[in-house]
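Subject: The structure we talked about

Hello,

Here is the structure I promised to pass on. Have a look at it first, and then read on for my notes.

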Amino acid sequence: MRFFLAVVCVLCGLGLAAAEGDAAMRQDAPRRPRSSFFWRAFSAMNETERAELMKLQRQNPEEYQKRIAEIAERQRVAFQKEVDAQKKLIADYRAAGDDAEKAKIKAELEKHVRREFTKILQDNRRMLTDMEKRVEHLRGEIKMREEKADEAVAAALNAFLSGEAVPGTPPPRPPEEPGRRGQQPGAKK
């Protein structure tokens, strides 16, 4: 059972110290948000919530750090409650006298483990969906750049020869088409 709990804790980002309940080890660690808890919460947010958080990051970095720490701490506390509940069920299972009681406790522990596994699976699906969107966006960017390759090369060459730009530095960007700013590449107007 110790191995199983350790695997669940490691998969969820707590590490072996949480699995073994080594309070001294966790107490000495600096109190900063664990990125796995933040990213789990971040991946569960909808697009609007994520956009608001990213806007806050640009406008008020201190408030953003504070908000991230709060999100990560809420996630950590919720996860620790789940780990504690599982530890109690494991202890109850070991202390149980008859097989019927053990079966009941095992079924309850299975619900907890399945719920945690399902959360991880949902997070993975959300991450995959986000990655697929980014891949589609990148494909659009590549297609647009391929279509405008001759123009870009000519503009860079002219910038280099006229002294506006130096090789090794990005050339000036061509003017954007009206109404195109912020639009997904390949998207229709």
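Which residue lies over the face of Tyr 93? It is Lys 102, at 5.3 Å from the ring centre. Rings do not pair with each other here, though: a search of the whole structure finds zero aromatic pairs. Please keep in mind as you read that this is a predicted model.

**Overall layout**

The protein has eight helices and zero strands, so the pattern along the sequence is simply α-α-α-α-α-α-α-α. Of its 189 residues, 24% are buried. Among contacts with a separation of 6 or more, 57% are between residues 24 or more positions apart.

**Helix α6**

Helix α6 covers residues 61–95, which is 35 residues. From its first C-alpha to its last it reaches 50 Å, close to the 51 Å expected at 1.5 Å a residue. If you would like to colour its buried residues, they are Tyr 64, Ile 68, Ile 71, Ala 72, Phe 79, Gln 80, Glu 82, Val 83, Gln 86, Leu 89 and Ile 90. An α-helix has 3.6 residues a turn, so residues three or four places apart point the same way. That is handy to remember when you look down the helix.

**The nonpolar cores**

In soluble globular proteins, nonpolar side chains tend to be buried together. The largest nonpolar core in this model has eight residues: Ala 41, Phe 42, Met 45, Leu 53, Leu 56, Tyr 64, Ile 68 and Ile 71. Helices α4 (35–44), α5 and α6 each give two or more residues to this core, and α6 provides the largest share, with three. There is also a second, separate core of six residues, including Leu 89, Ile 90, Ala 96 and Leu 109. Two of the residues named there, Leu 89 and Ile 90, also appear among the buried residues of α6.

**Salt bridges**

The count of salt bridges comes to nine. Here are three of them.

- Asp 130 and Arg 50 meet through their side chains at 2.7 Å, N to O. This pair links distant parts of the chain, with Asp 130 in helix α7 (residues 99–147) and Arg 50 in helix α5 (residues 47–59), 80 residues apart. Both Asp 130 and Arg 50 are buried.
- Glu 110 and Arg 114 form a salt bridge at 3.0 Å, N to O. Both lie in helix α7, four residues apart, about one turn of the helix. Glu 110 counts as partly exposed because its relative accessibility is 44%, while Arg 114 is exposed because its relative accessible area is 53%, and the cut-off for exposed is over 50%.
- Asp 123 and Arg 126 form a salt bridge at 2.5 Å, N to O. These two also lie in helix α7, three residues apart, again about one turn of the helix. Why is Asp 123 buried? Its relative accessible area is 10%, and buried means under 20%. Its partner Arg 126, at 28% relative accessibility, counts as partly exposed.

If you only have a few minutes, I would start with Asp 130 and Arg 50, the buried pair that joins α7 to α5, and then turn to the eight-residue core.

Happy to go through any of this with you over coffee.

Best wishes

Terms used. Residues numbered from 1 in each chain as written. Predicted model: local features only at pLDDT ≥ 70, side-chain atom pairs only at ≥ 80, totals over all residues. Heavy atoms only, no water. Salt bridge = Lys/Arg side-chain N within 4 Å of Asp/Glu carboxyl O. Buried < 20%, exposed > 50% of the residue type's maximum accessible area, 1.4 Å probe, protein only. Expected span 1.5 Å × (residues − 1). Phe/Tyr/Trp six-rings, centres within 6.5 Å; stacked < 30°, edge-to-face > 60°. Lys NZ or Arg CZ within 6 Å of the ring centre and 35° of its normal. Core = buried A, V, L, I, M, F, W, Y, C linked by side-chain atoms within 4.5 Å. Contact = heavy atoms within 4.5 Å.
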